[in-house]
Amino acid sequence: MLWSRIQKAMLCTLVCSSPALAAPVIVDNIKGYGFDENRQLVEFSSLAFDDESGKVLARGSNLAASYPNAQKINGQGKTLLPGLIDGHGHVLGLGQNLSQVDLRQSSSEAQAVAQVAAFAKTQPQAQWILGRGWNQVLWPTQQFPTTQLLDEAVKDKPVWLTRVDGHAGWANSKALALAGISKDSIDPPGGQIQRDANGNPTGVLIDNAMLLLEKQIPQQNDAEREAALKAAFDHLLSLGITSVHDAGIDAANLLAYQKLAGEKQLPLRIYAMLSATDPKLESWLKAGPIDDEQDYLDVKSVKIYGDGALGSRGAALLADYSDKKGEKGLLLTQPDKLTAVMKLTIDAGFQANVHAIGDYANQLVLDRFELLTKPEQRETQRHRIEHAQIVAPKDIPRFAALQVLPSMQPTHATSDKNMAGDRLGVARLRGAYAWRSFVDQGSRIVGGSDFPVELANPFHGLHAAVTRQDQQNQPPGGWLPEQKLNITEALRSFTVDAAYGAYQEKAMGSLQPGMWADFILLDRDPVKGPAEHIWQSQVQQTYVAGKLLYQRP
């Protein structure tokens with residue numbers, strides 16, 4: 001039986017590699033967009049791909065003459081784009097989020113608590129009530145929540161609600177008690193237990209203090225983890241995302257990916273960043289990178305944690321927060337440890353992808369890249385700073401000089417625009433969310449969303465990059481409008497430049513002949529249509545390696 005399967009596989013390999021036996025498919029009657037070898041936008045009305053190999057054969061017009069026996073797909077005048085790449089997301093977190101209470105739309109602490117109480121009633125078997133998405137900056141008081149209302153709503157079960165950015169959490173008293181967090185607890189390095197005037201915990205834990213509580217939450221079993229991943233895959237494909245750079249996976253997550261890949265159950269492409277905090281990091285690095293010829297699971301990078309987030313005042317700044325004197329944020333990894341783990345990663349031949357949001361954290365990381373990398377190797381190593389949100393203006397040119405890629409999420413700017421000025425003051429905004437400054441100096445931006453911190457929809461990111469506005473077209477003219485991108489530049493960041501950030505620009509992202517036939521069909525043209533409508537684009541179909549994996553109902 002095994003030998004029979006091997007013979008069939010060998011025969012398939014011979015058939016798939018023979019041009020004479022290729023099974024061409026032509027998608028015509030489309031408004032097609034891709035990129036050429038110089039990253040310039042190319043338009044076409046027909047796309048031909050090989051149904052067996054899953055790779056693009058040609059693009060242009062009237063391709064039927066070149067492939068007279070091809071199967072035809074009528075694109076019905078729809079817009080065709082390369083499959084979109086999210087350069088920074090959290091796939092398992094997204095899948096888990098789909099089965100937790102979503103507080104993203106809560107307009108006050110009381111409303112968030114009401115949502116939690118209603119959700120808890122639907123989960124009688126749950127040991128813990130879990131949720132995500134609250135953002136006190138959007139509430140009338142703009143104050144962190146406390147245990148008081150949460151305790152009144154859910155008394156009998158522990159509750160843990162992660163802030164929208166993932167860098168703070170809100171617990172009820174039962175959860176705090178289970179974690180042993182009390183007035184006598186000491187803040188861990190890189191973390192903070194929020195306290196009232198009497199020193200008692202208020203229920204909010206920031207950055208590394210979250211770990212004190214989260215280690216009490218029962219771990220998912222293998223079946224639950226796999227179900228969450230599959231829910232996330234389906235959601236992402238429905239949004240036109242065909243590849244994700246998964247920013248920080250642990251050992252259990254990697255095993256789940258390897259199992260799914262071995263069973264050919266990965267429907268989209270995963271470029272996985274190993275979590276630098278996982279105890280298995282050194283053994284992973286010794287084993288070396290994983291390079292999948294089919295590009296479904298590539299593991300060549302490590303996610304390293306620099307600082308916290310701006311909304312929870314955990315981003316590490318060079319000067320005090322403008323709205324809280326005496327506070328400069330938190331380093332999740334102390335400088336000596338940061339140097340050591342970056343060196344370990346780089347010496348092992350892995351890409352170092354370091355989370356840095358504040359200007360101090362960005363400077364710290366750039367200093368280490370300058371110290372640890374050789375000038376002649378920087379272009380090929382393609383190390384990254386994840387977020388690069390607030391950068392001292394003098395440090396922006398260092399990204400280009402050191403050939404460090406900024407991996408940025410456009411919707412962070414439109415989500416943070418009402419808060420960033422308060423946190424930073426006017427002067428520091430010059431280096432904040434500075435996409436135009438990076439592009440003008442030749443840096444390739446790896447675009448993404450940071451889902452589930454933000455919604456995963458990549459058209460929200462394209463819209464934010466081009467307009468610098470939210471979906472109500474506010475503020476007029478855009479927030480810090482001098483940092484806008486044009487649609488070609490924005491689209492590059494979610495396609496060919498994101499692929500470049502994973503060493504995959506020769507395999508995906510531009511729909512050139514010989515690349516994977518990963519593409520999507522849309523209900524509108526985001527390239528030539530009104531910029532304010534980009535976020536409303538809806539995916540009609542998603543193809544990965546020429547296979548239709550999503551069809552809009």
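Leaving aside its neighbours within four places in sequence, which residues is Asp-395 in contact with?

1. **Asp-395.** The model is predicted, and this note reads it as such. Beyond its neighbours within four places in sequence, Asp-395 is in contact with Gln-363 and Leu-366. Asp-395 sits in the loop between strand 17 (384-387) and helix 13 (396-402). Its relative accessibility is 3%, so Asp-395 counts as buried, the cut-off being under 20%.

2. **Overall make-up.** The protein chain holds 18 helices and 22 strands. Its radius of gyration is 24 Å, close to the 24 Å that the globule rule gives for 553 residues, so the chain is as compact as a globular protein of that length. The C-alpha trace spans about 80 × 55 × 45 Å along its principal axes.

3. **Burial, contacts and surface.** Of the 553 residues in the protein chain, 58% are buried. Take the contacts with a separation of 6 or more: residues 24 or more positions apart account for 71% of them. The exposed area of the protein chain is about 22800 Å². Carbon and sulfur atoms supply 51% of that area.

4. **The eight-stranded sheet.** One open sheet has eight strands, in the order 6-13-14-15-16-17-18-19. Its pairing is parallel. Strand 6 (84-89) and strand 19 (446-447) are the edge strands, and each pairs on one side only. Within this order, strand 15 (residues 297-305) and strand 16 (residues 351-356) run parallel and are joined by five bridges. Val-302 stands opposite Ala-352 in strand 16. Strand 17, which precedes the loop that holds Asp-395, belongs to this sheet too.

5. **The six-stranded sheet.** A further open sheet has six strands, ordered 7-8-9-10-12-11. Here the pairing is mixed. Strand 7 (101-102) and strand 11 (191-195) stand at the edges with a single partner strand each, so one side of each has no neighbour in the sheet. Strand 11 pairs with strand 12 (residues 201-207) in the antiparallel sense, over four bridges. Gln-192 has Ile-206, in strand 12, as its bridge partner.

6. **Aromatic pairs.** How many aromatic pairs does a search of the whole structure find? The search gives eight. In one of them, the rings of Trp-134 and Trp-170 have centres 5.9 Å apart and planes at 75°, so the pair is edge-to-face. This pair links distant parts of the chain: Trp-134 is in strand 8 (residues 129-134) and Trp-170 in strand 10 (residues 168-171), 36 residues apart. Both strands appear in the order of the six-stranded sheet. Trp-134 is buried, with a relative accessible area of 0%. Trp-170 is likewise buried, at 0%.

7. **Trp-139 joins in.** Trp-139 and Trp-170 also form an edge-to-face pair, with 6.2 Å centre to centre and 65° between the planes. Trp-139 lies in the loop between strand 8 and helix 4 (147-153), while Trp-170 is in strand 10, so the pair ties together parts that are 31 residues apart in sequence. Trp-139 has 3% relative accessibility and counts as buried. Ring pairs link Trp-134, Trp-139, Phe-144 and Trp-170 into a cluster.

8. **Leu-138, beside Trp-139 in sequence.** Is Leu-138 buried or partly exposed? Leu-138 is partly exposed, with a relative accessible area of 46%. Leu-138 lies in the loop between strand 8 and helix 4, and Trp-139 lies in that loop as well. The burial classes of these two residues can be set side by side: Trp-139 is buried, whereas Leu-138 is partly exposed. The C-alpha atoms of Leu-138 and Arg-104 are separated by 9.8 Å, with their positions 34 residues apart along the chain.

9. **Charges over rings.** Which ring does the charged end of Lys-55 sit over? The ring is that of Trp-516, and the charged end lies 4.7 Å from its centre. Arg-269 has its charged end over the ring of Tyr-296, 4.6 Å from the centre of that ring.

Key: Residues are numbered from 1 along each chain as its sequence is written. This is a predicted model: local features need pLDDT of at least 70, side-chain atom pairs count only at pLDDT 80 or more; totals for chains, interfaces and linings use all residues. Side-chain values use heavy atoms; hydrogens and water are left out. Rings of Phe, Tyr and Trp (its six-membered ring) pair if their centres lie within 6.5 Å; planes under 30 degrees apart count as stacked, over 60 as edge-to-face and the rest as tilted. Helices (H or I, at least four residues) and strands (E, at least two) are DSSP runs, numbered from the N terminus. Buried means under 20% relative accessible area, exposed over 50%, partly exposed in between (1.4 Å probe, protein chains only). A charge sits over a ring if NZ of Lys or CZ of Arg is within 6 Å of the ring centre and within 35 degrees of the ring normal. Two strands pair if DSSP finds at least two bridges between them. The radius of gyration is taken over C-alpha atoms; the globule rule is 2.2 Å times the number of residues to the power 0.38. Contact means heavy atoms within 4.5 Å. Accessible areas come from the Shrake-Rupley method with a 1.4 Å probe; for residues, only the protein chains shown count as cover.
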